[in-house]
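Biologist: I've got a model open and I'd like to go through it with you. Can we start with the empty space inside?

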Amino acid sequence: MSKAIQLAILASGNGTNAQQISEYFAGNPEVNVNVVIYNKKDAYVATRAENLGIEARYFNRHSFYETDEVLSYLKSREIDYVILAGFLLLVPENLLAAFPNRIINIHPALLPKYGGKGMYGHYVHEAVVANHEKETGITIHIVDHRYDCGTTLFQARCEVLPTDTADDVAAKIHLLEKEYFPRVIEAVVLSKPIPGQ
């Protein structure tokens, strides 16, 4: 049997998506979450990873941008794809070069709307509500050297009601993330048709 595809998840915070992805692939002979890398010392994602029996490794900003530490570590673990799950740093050039079209991110809006530097998490949902959007959703895309600009792989939509708060929108987005992000990752890394496309 061929070796399972090895994933590294990069995260900066709570790690809800990282946990959902890890649980989705638990016991999968074809795809394995090998390691969770995080860049904020107190990020709860480390606890989530350890609770699931997955290696969690901290690297600071300097390690990402000024050295090859992160890249060397990924190579040592024979990583095939890098998944961003709430990772707030711009991916450095050395990782982009080492994993061409193999770094995948999810954004909590329908890109190109509400993307770019500083547009993440609740900031996105607040902007959607403030602009009286009638719909929003998620975008799963390939990562390039700019925030939220890489090739779109998948989008899913949800309605925004006039009475919705940013918290209401966040709850709807969370459901879309849980339903689609692991399945789209699986399709991409195994070269299968992306669901719903």
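Modeller: By class, the lining of the largest cavity has six nonpolar residues, two polar ones and one charged one. Here Ala, Val, Leu, Ile, Met, Phe, Trp, Tyr, Cys and Pro count as nonpolar, Asp, Glu, Lys and Arg as charged, and the others, Gly among them, as polar. One thing up front: this is a predicted model, where local features need pLDDT of at least 70, side-chain atom pairs count only at pLDDT 80 or more, and totals for chains, interfaces and linings use all residues. Residues are numbered from 1 along each chain as its sequence is written, and side-chain values use heavy atoms, with hydrogens and water left out.

Biologist: Which residues line the largest cavity?

Modeller: The lining is made of Ala 18, Gln 19, Ser 22, Val 36, Val 45, Arg 48, Ala 49, Leu 52 and Ile 54. Helix 1 (16-25) and helix 2 (45-51) are the elements that give two or more residues to it. Helices (H or I, at least four residues) and strands (E, at least two) are DSSP runs, numbered from the N terminus.

Biologist: What volume does the largest cavity have, and how many cavities turn up in the search?

Modeller: Its volume is about 40 Å³. Searching the whole structure gives one cavity of 30 Å³ or more. On a 1 Å grid over the protein atoms alone, a cavity is a set of points where a 1.4 Å probe fits but cannot get out, while a pocket is an open set with protein on both sides within 12 Å along at least five of seven lines; lining residues have an atom within 4 Å of a point. Grid points are joined across faces, edges and corners, and a volume is the space filled by probe spheres set on the points.

Biologist: OK, pockets then. What is the volume of the largest pocket, and which residues lie nearest its centre?

Modeller: The largest pocket comes to about 840 Å³. It has 37 lining residues, and Gly 86, Phe 87, Leu 88, Tyr 120 and Gly 121 are those nearest the centre.

Biologist: Which element gives the largest share of that lining?

Modeller: Helix 7, with four residues. Helix 1, strand 5 (103-107), helix 6 (121-130) and helix 7 (166-189) each supply at least two. By class, the pocket lining has 16 nonpolar, 15 polar and six charged residues.

Biologist: Helix 1 keeps popping up. Which of its residues are buried?

Modeller: Asn 17, Ala 18, Gln 20, Ile 21, Ser 22 and Phe 25 are buried in helix 1. Buried means under 20% relative accessible area, exposed over 50%, and partly exposed in between (1.4 Å probe, protein chains only). The cover over those residues includes strand 1, strand 2 (31-38), helix 2, strand 4 (81-84), strand 5 and helix 7. After helix 1 comes Gly 27, with a positive phi near 80 degrees.

Biologist: Strand 1 is in that list. Ala 8 sits there; is Ala 8 buried or exposed?

Modeller: Ala 8, in strand 1 (residues 5-11), is buried because its relative accessible area is 0%. Leaving out residues up to four places away in sequence, Ala 8 touches Val 35, Leu 74, Ile 79, Tyr 81, Val 82 and Ile 83. A contact there means heavy atoms within 4.5 Å. Ala 8 and Ile 37 are 29 residues apart in sequence, with 7.1 Å between their C-alpha atoms.

Biologist: And Thr 151, where is that?

Modeller: Thr 151 is in the loop between strand 6 (135-142) and strand 7 (152-159). It counts as exposed because its relative accessibility is 57%. Beyond residues up to four places away in sequence, it touches His 141 and Ile 142.

Biologist: Switching topic: where is the cis peptide bond?

Modeller: It runs from Leu 111 to Pro 112, with omega near 10 degrees. Pro 112 is in the loop between strand 5 and helix 6.

Biologist: I also noticed His 132 and Asp 148. What is phi for each?

Modeller: His 132 has a phi near 55 degrees, and Asp 148 has one near 60 degrees. Both values are positive, in residues other than glycine. His 132 is exposed, with a relative accessible area of 67%, whereas Asp 148 is buried at 14%.

Biologist: Last one, the whole chain. How many helices and strands?

Modeller: Seven helices and seven strands. Buried residues make up 52% of the 197 residues.
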